[in-house]
Amino acid sequence: MKKYLRPEIAQMSGYAPGEQPKIANLCKLNTNENPFPPSPGLAKALAEFDCSSLRRYPDPTADALRDELAALNGVARENIIAGNGSDDILTMIFRAFTAPDRPMACPEPTYSLYPVLAAMQNAPVKRIPLRPHTFSLPENFLEQARGANLLAMARPNAPTGNTFPMEEMRRICAGFDGMVLIDEAYADFADDNCIGLLREFENVIISRTFSKSYSLAGLRFGYAVSSPEVIENMMKLKDSYNVDALTQRLAMAAARDSGYMRGNCAETIRLRKQLAEALTGMGFETVPSCSNFIFCAPPDRNGHRCFEELRKQAVIVRYFDAPSTREYVRITVGTEEEMKRLVATLAEIYGK
Ligand SMILES: *Cc1c(COP(=O)(O)O)cnc(C)c1O
């Protein structure tokens, strides 16, 4: 079989998702899932769902849902494409804008799926190191991105949680000779978002997901907002029925109840501030977060040890074994109770 397989696929390593362990008394803070349940409006829509409608194929372009999302973002239906999670959206973008002669650039560290998607396209990857400790953009970021066809940025960034200044984003969109993907998976936990940049620039695509702020990681729904021309071309690259009928109905109910989501985000932000203070008090270095997690270095700057010691107590956080991330762990902001348990366990480990 080996000789038939594209060599770049044989050589690449696939995306490594965070673990979903089956342990008793688990405190799961490793994949940025929302600790609060999805909206009551969604539960009602699920209870009332007409199962016989599943005989039929779903609307291939999910137009009713696109209209709802368009209204929510102050754009038109033509500016929106729906996806099976935002990972599906990212796949379409990489299919459209990366190739062996069309490289992708991204900050380092960032969402580890981007280089995997580039590898599937056999597209070169240019990693641009963020500044140590602050994980802010280096002075010459734009110069370093030059030559790439797609610039993939998560804002707020993952796994570091910090955001990048809007003025920097504007400068990047204006100066980069290629498409700028702004992955806003965590924008609902931040003070601002980049939707406004779509009116100023033609080379911007914004992706969103219902997995984090809407508490719907298991449902699989995400979408992109861009110019009608970009959306039209992404439509050619998607799976024919990429968003199933049940998801279209339930995502619609969740979108109509976005006030409920905002309330949950406000509570997460409150707990995030508390957690940051507790961590700092124990001698951790924390990166200022605009997301639903905190990237932090323990006092001994040994991220792997922190991960292992917490794991012994069934508290699961995320550790990324790479030069730029190994001093840190990423901790999802959970419920108040979960945060108390986390802090108490850390206090034991570090003798504070
Ligand atoms: C979680 C996450 C996603 C993926 O979201 P799905 O919609 O669940 O596929 C995309 N980008 C970033 C930066 C994320 O952290």
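## Close-up views of a predicted protein model

**View 1. Helix α10 has 12 residues, which should span 16 Å at 1.5 Å a residue, and this agrees with the 17 Å that separates its end C-alpha atoms.** The model shown in this and every other view is predicted. Within α10, the buried residues are T247, Q248, L250, A251, M252, A253, A254 and A255, and the elements against which these buried residues pack are α2 (residues 40–47), α3 and α11.

**View 2. Helix α11 runs from residue 258 to residue 281.** The expected span of its 24 residues, taken at 1.5 Å a residue, is 34 Å, and because the end C-alpha atoms of α11 lie 35 Å apart, expectation and model agree. Directly after α11 comes G283, a residue with a positive phi near 90°.

**View 3. The buried residues of α11 are S258, M261, N264, C265, T268, L271, R272, L275 and L279.** When reading such a list, it helps to remember that an α-helix has 3.6 residues a turn, so residues three or four places apart point the same way. The cover over the buried residues of α11 includes the helices α3 (63–73), α10 (245–256) and α13 (336–349), together with the strands β9 (285–286), β10 (293–297) and β12 (329–332).

**View 4. A cis peptide bond leads from E108 to P109.** The omega angle of this bond is near 5°, and P109 itself sits in the loop that runs between β3 (104–108) and α5 (113–120).

**View 5. R155 and P156 are also joined by a cis peptide bond.** Here omega is about -5°, and the loop that holds P156 lies between β5 (150–154) and α7 (166–175).

**View 6. A62 is a residue other than glycine with a positive phi, near 50°.** The loop between α2 and α3 is where A62 is found. Is A62 buried or exposed? Its relative accessibility is 1%, and because a residue under 20% is classed as buried, A62 counts as buried.

**View 7. S215, although not a glycine, has a positive phi of about 60°.** This serine is placed in the loop between β7 (204–209) and β8 (222–225). With a relative accessibility of 13%, S215 therefore counts as buried.

**View 8. The protein chain, seen as a whole, contains 13 helices and 12 strands.** A compact globule of 352 residues would have a radius of gyration near 20 Å, and the protein chain, at 20 Å, agrees with this. Its C-alpha atoms fill a box of roughly 55 × 50 × 50 Å along the principal axes. Among the contacts between residues at least 6 apart in sequence, 72% join residues that are at least 24 apart.

**View 9. The surface that the protein chain exposes amounts to about 15,900 Å².** Carbon and sulfur atoms supply 51% of this exposed area, while buried residues make up 52% of the 352 residues in the chain. How far apart are the mean positions of the positive and negative charges of the protein chain? There are 41 positive and 43 negative charges, and their mean positions are 3 Å apart.

Technical notes
Residues numbered from 1 in each chain as written. Predicted model: local features only at pLDDT ≥ 70, side-chain atom pairs only at ≥ 80, totals over all residues. Heavy atoms only, no water. Helix = DSSP H or I, 4+ residues; strand = E, 2+ residues; numbered from the N terminus. Rg over C-alpha atoms; globule rule 2.2 N^0.38 Å. Buried < 20%, exposed > 50% of the residue type's maximum accessible area, 1.4 Å probe, protein only. Contact = heavy atoms within 4.5 Å. Areas by Shrake-Rupley, 256 points an atom, 1.4 Å probe, with all protein chains shown as cover. Lys, Arg positive; Asp, Glu negative; His and termini not counted. Charge placed at Lys NZ, Arg CZ, Asp CG, Glu CD. Expected span 1.5 Å × (residues − 1).
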